[in-house]
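User: I'd like a close look at one acidic side chain and the parts of the fold around its partner. Here is the model.

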Amino acid sequence: RLPLTLAIIPSMIVGVADHRFAIPQVNVVEFVWVKASEVSQRIEQVQGALVLRLRDKLLPLVRLADVLGLQRVFENPETGEQLPDRRVSLADRRGELPEEPDNATPRQGDRRTDWRSDHNIIVLRVGKNHYGVIVDELFDIEEIVVKPLSGFIQGTKCFSGATILGDGRV
């Protein structure tokens, strides 16, 4: 028997900077994958805010790491090590890449073309509003048991509860 204070919610498990979070599946509209080489065409900055060009509409974007105050990281294409990501804007167009022939080999060590710099974006719906959330990893959809947060941290705006995943992580 489960106490009435618990809820079972189908959720998308996402990863950001070695942390895992659950996003209720009822709010998920779709997943968008933006290749690193397409960022300059699909992600722009409008009045200081990131937006994704999705089917001829502009969708506001937020980075989950920034919302939660986590240090963003990226994987160095040459060494494979995790390094702090100090880029302010994904829409940075500095140093546009020159056109290469189709049979050219990908540039080695360039984050703008490396597959590890691809962006996973979850399009969410809250009420009538849609927006995109940039995450590092997409894991799986799981039905999780959510326990409400204790009284002294219930005022947080980002979290609505906690769960223990199958691997023991909270």
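What is the relative accessible area of Asp 66, and does that make Asp 66 buried, partly exposed or exposed?

Analyst: Asp 66 has a relative accessible area of 41%, which puts it in the partly exposed class. For the cut-offs, buried is under 20% relative accessible area, exposed is over 50%, and partly exposed is in between, using a 1.4 Å probe and protein chains only. Areas come from the Shrake-Rupley method with that 1.4 Å probe, and for residues only the protein chains shown count as cover.

Some ground rules before going on. This is a predicted model, so local features need pLDDT of at least 70 and side-chain atom pairs count only at pLDDT 80 or more, while totals for chains, interfaces and linings use all residues. Residues are numbered from 1 along each chain as its sequence is written, and side-chain values use heavy atoms, with hydrogens and water left out. The pLDDT (the predictor's confidence in each residue, from 0 to 100) averages 78 over the chain, and 76% of the residues score at least 70.

Now the partner. Asp 66 makes a salt bridge with Arg 63, with 3.5 Å between the closest N and O atoms. That fits the rule used here: a side-chain nitrogen of Lys or Arg within 4 Å of a carboxyl oxygen of Asp or Glu. Arg 63 itself is buried, at 9% relative accessible area.

Follow Arg 63 into the sheet and you find it opposite Ile 134 of strand 10. Strands here are DSSP E runs of at least two residues, and helices are H or I runs of at least four, numbered from the N terminus. Strand 10 (residues 129-135) runs parallel to strand 6, and three bridges join them; two strands pair if DSSP finds at least two bridges between them. Strand 10 also has an antiparallel partner in strand 9 (residues 119-126), over seven bridges, one of which sets Leu 124 against Tyr 131. Those two strands form a hairpin with two residues between them, and Gly 127 in the turn has a positive phi of about 65 degrees. As for confidence, strand 10 has the highest mean pLDDT among the elements of the chain, at 92, while strand 7 (residues 73-75) has the lowest, at 72.

How does the Asp 66 pair sit among its peers? The structure holds four salt bridges. One of them links Glu 30 and Arg 55 at 2.4 Å, N to O. Glu 30 is in strand 3 (residues 28-34) and Arg 55 is in the loop between strand 5 (49-54) and strand 6 (57-63), so this pair ties together parts that are 25 residues apart in sequence. Glu 30 counts as partly exposed at 22% relative accessibility, whereas Arg 55 is exposed at 59%. Another salt bridge joins Arg 53 to Glu 44, with the closest N and O atoms 3.0 Å apart. There the acid is the buried partner: Glu 44 has a relative accessible area of 18%, and Arg 53 is partly exposed at 36%. For Arg 63 and Asp 66, to come back to your question, the arginine is buried and the aspartate is partly exposed.
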